Amino acid sequence: MSRRGKRLTIIGVAGALLVLAAALVLTGLRDSIVFFYAPAELAAKAKPGQRVKVGGLVEAGSVTHDAAGALLFKVTDNQQSIAVRYTGAVPDLFKETKGVVAEGIYQPGAIFAADSVLAKHDENYMPKEVVEALKERGEWRPESGNAAGKAPGS
C-alpha cells in the first residue's frame, strides 16, 4: 500500500471513530434532555410520555392536598393552567402567585405528575425560561421578578 493509501486509511478510520463517538454521545444525551414549556405550549409541543419541565406561576387559590397527602396545585402562564400533583417535600419558598418549575412525565388529559418542584430562591428571582415565556405572551410583570430573570447581584 502506498504512503497516500495508508494516510487515507488512517483518516477514514479516524473519521469513522469520530462519527461513532458523536452518535454514542447524542444517543446517551437524548434520554437526559428535558424541555421546558409554559402551560399554553405544553399540549402543542410536548409528546405523550416525554419528560418535560412546565413552568409559570402558582395559580392563586389552587394549592390543596389530596387524601394521600400529595400536593395539588395549578401552574399558569396567565393564558392557560395545568394541574400538577406532587408527592414530597416542597421548597420553603413555594407559594401562590410565585414562580415555579415542575418536572415530570407529560401525559395528555391527565394531571401532570411532577417528581420535582423548584421554586424561586428569593423575592426577586424567577427562572429565566419562565420570564422568557411570559415576555413572549406580553404577560411579564416586572414586580414578580427582575428583567433578566436573575437574582440581584448575579
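A residue counts as buried when its relative accessible area is under 20%. By that criterion Phe73 is buried, because its relative accessible area is 1%. The structure is a predicted model, and Phe73 offers a convenient entry into it: the residue belongs to strand S4 and is among those with the most contacts inside the largest nonpolar core. The points below treat that core, the aromatic pairs, the pairing of strand S6, and two loop residues with positive phi.

**Nonpolar cores**

- The largest nonpolar core comprises 20 residues, and those with the most contacts inside it are Leu42, Phe73, Val84, Phe94, Phe112 and Val117.
- At least two residues of this core are supplied by each of S2, S4, S5, S6 and S7.
- S7 contributes four residues, which is the largest share of this core.
- When neighbours within four places in sequence are left aside, the contacts of Phe73 are Val58, Ser62, Val63, Ile82, Ala83, Val84, Tyr86, Phe94, Val100 and Val117.
- Another core, of six residues, lies apart from the largest one; Phe36, Val130, Val131 and Leu134 are among its members.

**Aromatic pairs**

- Two aromatic pairs are found in a search of the whole structure.
- In the pair of Phe35 and Tyr37, the ring centres are 6.4 Å apart and the planes stand at 35°, so the pair is classed as tilted.
- The partners of this pair fall into separate accessibility classes: Phe35 is partly exposed, at a relative accessible area of 43%, whereas Tyr37 is buried, at 9%.
- In the pair of Phe73 and Phe94, the ring centres are 5.0 Å apart and the planes stand at 70°, so the arrangement is edge-to-face.
- Because Phe73 lies in strand S4 and Phe94 in the loop between S5 and S6, this pair ties together parts that are 21 residues apart in sequence.
- Phe94 counts as buried, with a relative accessibility of 11%, and Phe73 is likewise buried, with a relative accessible area of 1%.

**Strand S6 and its partners**

- Strand S6 covers residues 99–105, and six of its seven residues are buried, so the strand is largely enclosed by the rest of the structure.
- Strand S2 (residues 51–58) pairs with S6 in the antiparallel sense over seven bridges.
- Within S6, Val100 stands opposite Gly56, and Val100 is also one of the contacts of Phe73.
- S6 also pairs with strand S7 (residues 112–119), in the antiparallel sense and over six bridges.
- Leu118 in S7 is the bridge partner of Val101.
- The hairpin of S6 and S7 has six residues between the strands, and Gly109 in this hairpin takes a positive phi near 80°.

**Positive phi outside glycine**

- Asn78 has a phi near 65°, which is a positive value in a residue other than glycine.
- Asn78 is located in the loop between strand S4 (71–76) and strand S5 (81–86), and the residue is partly exposed, with a relative accessible area of 33%.
- Thr97, too, is a residue other than glycine with a positive phi, near 65°.
- The position of Thr97 is in the loop between S5 and strand S6, the loop that also holds Phe94.
- Thr97 is partly exposed, with a relative accessible area of 42%, whereas Phe94 counts as buried at 11% relative accessibility.

Methods. Residues numbered from 1 in each chain as written. Predicted model: local features only at pLDDT ≥ 70, side-chain atom pairs only at ≥ 80, totals over all residues. Heavy atoms only, no water. Buried < 20%, exposed > 50% of the residue type's maximum accessible area, 1.4 Å probe, protein only. Pairing = 2+ DSSP bridges. Phe/Tyr/Trp six-rings, centres within 6.5 Å; stacked < 30°, edge-to-face > 60°. Core = buried A, V, L, I, M, F, W, Y, C linked by side-chain atoms within 4.5 Å. Contact = heavy atoms within 4.5 Å.
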